[in-house]
Structure formats: structure tokens, C-alpha cells
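User: I'm new to this one and would like to learn how to read it. Could you walk me through a few features?

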Amino acid sequence: MGFLAVIVAAVAGFAFGAIWYMALAKPWMEAAGIKVGPDGKPENTSPQPYVMAALAMLIVSGMMRHTFALSGIETAGKGLISGLGVGLFFISPWIMINNGYGGRPFKLTVIDAGYATFGCAVIGFVLTLF
């Protein structure tokens, strides 16, 4: 049952990311410096970022499940809040460090950290439903 929870949570986190970045596509592409064609769509259409994102969601979901099990986080409310904390206080600061040293716009940090925060909340919530 744990493997199924991790997979479903990873899919939920990935799906949330699709919604997040579709809603913020223009400001994200601008802040990230993504080259776009005349149609406004990215020039690079490689599937690699999507494959990497799916793998990352599995890794994050698996580690969050392990941490939740060790910490006794078993309710949906606790999963949601704990996931929010993981995204806000673990992942988001790391994004800020990487973007800061890379000279990236703070707008990019806000968009990416928002996904990390709310995406982890979604993962935490889903993990505790199983």
C-alpha cells in the first residue's frame, strides 16, 4: 500500500505542477529566460524536463512518506501541514540559494518556491489518505 500511496502522491504533485506552471507560464518563462518562438511557446520541446520532474516527484513523495511514517503523521490535516512545511522550509530556501547565486530574478524564486510549497502540501495530503 505504501508504494501505491507514493505513486499516487507523485502523480498528484506532478499534476499540480502542470496546473501551476500553465497558470504562470508567461511570467515563469520570462523570469527563467526561456527562449520562445513567434507563437509564444518555448523553442525547446525536449521531454527531458518532464521525465526529470516525474522522477523528482517520486523521490520527494517516497522520502516524505518515509519521514511521515517515522514521525507518526497519519491524518490528512497533518499531512497537508507537514507537506507545506517541507516545501516552505526545506525546498524553497534551497531554490532561493540556487537562484540567488545564479543571478536569477527573484520572481523566478517566488514562482518555483510556490510550486515547491504547495506541491509538497498536495503530496503530503495525498500520502495520508492511504
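Analyst: Sure. Keep in mind that this is a predicted model. Let's begin with helix 3, where the buried residues are covered by parts that include helix 1, helix 4 (76-101) and helix 5.

User: Which residues of helix 3 are buried?

Analyst: Here's the general idea: an α-helix has 3.6 residues a turn, so residues three or four places apart point the same way. In this case, the buried residues of helix 3 are Met57, Ser61, Met64 and Phe68.

User: What span should helix 3 have, going by its number of residues?

Analyst: Count 1.5 Å a residue, and the 24 residues of helix 3 should span 34 Å. The C-alpha atoms at its ends are 34 Å apart, which agrees. Right after helix 3 comes Gly72, with a positive phi near 75 degrees.

User: Now the inside. Which residues have the most contacts within the largest nonpolar core?

Analyst: They are Met64, Ile123 and Leu127, in a core of 17 residues. Helix 1 (2-23), helix 3 (48-71) and helix 5 (106-127) each give two or more residues to this core.

User: What does Leu127 touch, leaving out residues up to four places away in sequence?

Analyst: Leu127 touches Ala5, Val6 and Ala9, and also Ser61, Met64, Arg65 and Phe68. Three of those names should ring a bell: Ser61, Met64 and Phe68 are on the buried list for helix 3.

User: How do I read pockets, and what is the volume of the largest pocket?

Analyst: Rolling a probe the size of a water molecule over the atoms shows where empty space is left. Here, the largest pocket comes out at about 1,300 Å³. It has 31 lining residues, and Tyr21, Trp28, Pro49, Tyr50 and Ala53 are the closest to its centre. Helix 1, helix 2 (25-32), helix 3, helix 4 and helix 5 each give two or more residues to that lining, with the largest share, seven residues, coming from helix 3.

User: How many of the residues lining the largest pocket are nonpolar, polar and charged?

Analyst: The lining has 22 nonpolar, six polar and three charged residues.

User: And what lines the second largest pocket?

Analyst: That pocket has a volume of about 190 Å³ and is lined by 12 residues, with Arg65, Ala69, Ile73, Leu127 and Phe130 nearest its centre. Helix 3 again gives the largest share, here three residues. By type, the lining splits into seven nonpolar, three polar and two charged residues. Notice Leu127 once more: this residue also ranks among those with the most contacts inside the largest nonpolar core.

Conventions:
Residues numbered from 1 in each chain as written. Predicted model: local features only at pLDDT ≥ 70, side-chain atom pairs only at ≥ 80, totals over all residues. Heavy atoms only, no water. Core = buried A, V, L, I, M, F, W, Y, C linked by side-chain atoms within 4.5 Å. Buried < 20%, exposed > 50% of the residue type's maximum accessible area, 1.4 Å probe, protein only. Helix = DSSP H or I, 4+ residues; strand = E, 2+ residues; numbered from the N terminus. Contact = heavy atoms within 4.5 Å. Expected span 1.5 Å × (residues − 1). 1 Å grid on protein atoms, 1.4 Å probe; cavity = no way out; pocket = protein on both sides within 12 Å on 5 of 7 lines; lining within 4 Å. Points joined across faces, edges and corners; volume = space filled by probe spheres on them. Nonpolar A, V, L, I, M, F, W, Y, C, P; charged D, E, K, R; others polar.
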